[in-house]
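Let's take a walk through this protein together, from the overall picture down to single residues. Have the sequence and the 3D view open side by side as you read.

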Amino acid sequence: MKKRFAHPLSRRAVALLAAGCLAIPIALTGCGKEATGYLDEGVKETKTPLVRVEEADLYLGRTILLEVREQGYDLSLSPDFTQPLSEEDRMDASSALLPVYMGRDGQVVARLGCANTGNGELPTLEARVKSFEVFYGPCPADVEAPENAKPQVAIGGVDFTGQNAEEVASLLKEKAGSVTSGEGPSPSQYTVGGCMYTFSFDADGAVNLVRVQGL
C-alpha cells in the first residue's frame, strides 16, 4: 500500500523553499546554487560536504533521501525503524515530510527534515534533505529508540564531538551574525550566514545534539 505524505507549508515557506534559500550555505552565493559554505575556512579548498557522516556525504538542500540510502543507511519514519521508507511512498507538492530517521543496524544516526518544494507529486525518496540533527549522546526524550549510533560527524568541516559550550562559543563567536546562548542544559543558537546552528549539552557540559537548518 502506498503511503502519502501531505503536510502543507505556508505560502511564504513554500516560496522560500522553492527559491532554494534553504540550501543552508554558511556564506550564500545566491539562491538556488549549490551549498559551498563551511565553518572551517580551510575546508573550502577540499570541497568537503557541509555534513559528512562517517563516509557518507550530505549536501543540505541538494541531497535527496535516495542518495542517503544508497550510501548505506536505513531510512524510517520511526526511530525504531519499523516504518521504513519505500519506493512506493509518494509526497504531495509543496509539502513537508515528518522527520525521517537515518540509521544503521537499528540504531539512530541522525534525524533529517525533508520537503517537496516542487509543483507536483514525487516519490518520497526524492525529497531533499533540508535539515540535519545529530545526537552525540543519548537520544532526546522525543526519540523512542534504545540508543544512537554515535557516529563520527563533521558539520561544516568541524567535528563537535566532546566539545563544551565554551569551546563551541569560541569556535562560532566571530563567525556568528547573531547569538542566543542558553543556560545549563538549554540550547545555544548561532546564526552563521544563512544557517542556524542549535546546540544542546548534557549534564557534564558536552555537546549531545547539533541541529543545522536554513533560515
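What follows goes from the whole chain to its strands and then to its nonpolar cores.

A word before we start: this is a predicted model, so please read every value below as computed from it. The protein contains 3 helices and 15 strands. Of its 215 residues, 46% are buried. The outside amounts to about 10,600 Å² of exposed area, and carbon and sulfur atoms supply 49% of that. How much of the contact network links residues 24 or more positions apart? Counting contacts in the protein with a separation of 6 or more, such pairs account for 55%.

Now to the strands. In general, strands of a sheet pair through backbone hydrogen bonds, and the pairing can be parallel or antiparallel. A good place to begin is an open sheet of 3 strands, in the order β3-β2-β11, where the pairing is antiparallel. Its edges are β3 (56-58) and β11 (153-155), each of which pairs on one side only. From one strand to the next, the twist averages 10°. If you look at β2 (residues 51-53), you will find 3 bridges joining it to β11, with the two strands running antiparallel. One position to pick out here is Arg-52, which stands opposite Ala-154 in β11.

Next, turn to β7, which spans residues 100-104. Is this strand mostly covered or mostly open? Mostly covered: 4 of its 5 residues are buried. Strand β4 (residues 74-76) is joined to β7 by 3 bridges, and the two run antiparallel. Within that pairing, Leu-75 has Met-102 of β7 as its bridge partner. Strand β7 is also joined to β8 (residues 107-116), this time by 5 bridges and again in antiparallel fashion. Here Gly-103 stands opposite Val-108 in β8. The strands β7 and β8 form a hairpin with 2 residues between them, and in it Asp-105 takes a positive phi near 55°.

Finally, let's go inside. The largest nonpolar core has 42 residues, and those with the most contacts inside it are Leu-65, Met-102, Leu-112, Phe-132, Ile-155 and Phe-199. You have already met Met-102 as the bridge partner of Leu-75. Apart from this core lies another, of 5 residues, including Phe-81, Tyr-101, Val-108 and Leu-209. Val-108 is familiar too, as the residue in β8 that stands opposite Gly-103.

Technical notes. Residues are numbered from 1 along each chain as its sequence is written. This is a predicted model: local features need pLDDT of at least 70, side-chain atom pairs count only at pLDDT 80 or more; totals for chains, interfaces and linings use all residues. Side-chain values use heavy atoms; hydrogens and water are left out. Two strands pair if DSSP finds at least two bridges between them. Axes are lines fitted to C-alpha atoms, for helices over the stretch in contact, and angles run from 0 to 180 degrees between N-to-C directions. A nonpolar core is a set of buried Ala, Val, Leu, Ile, Met, Phe, Trp, Tyr and Cys residues joined through side-chain atoms within 4.5 Å. Buried means under 20% relative accessible area, exposed over 50%, partly exposed in between (1.4 Å probe, protein chains only). Contact means heavy atoms within 4.5 Å. Accessible areas come from the Shrake-Rupley method with a 1.4 Å probe; for residues, only the protein chains shown count as cover.
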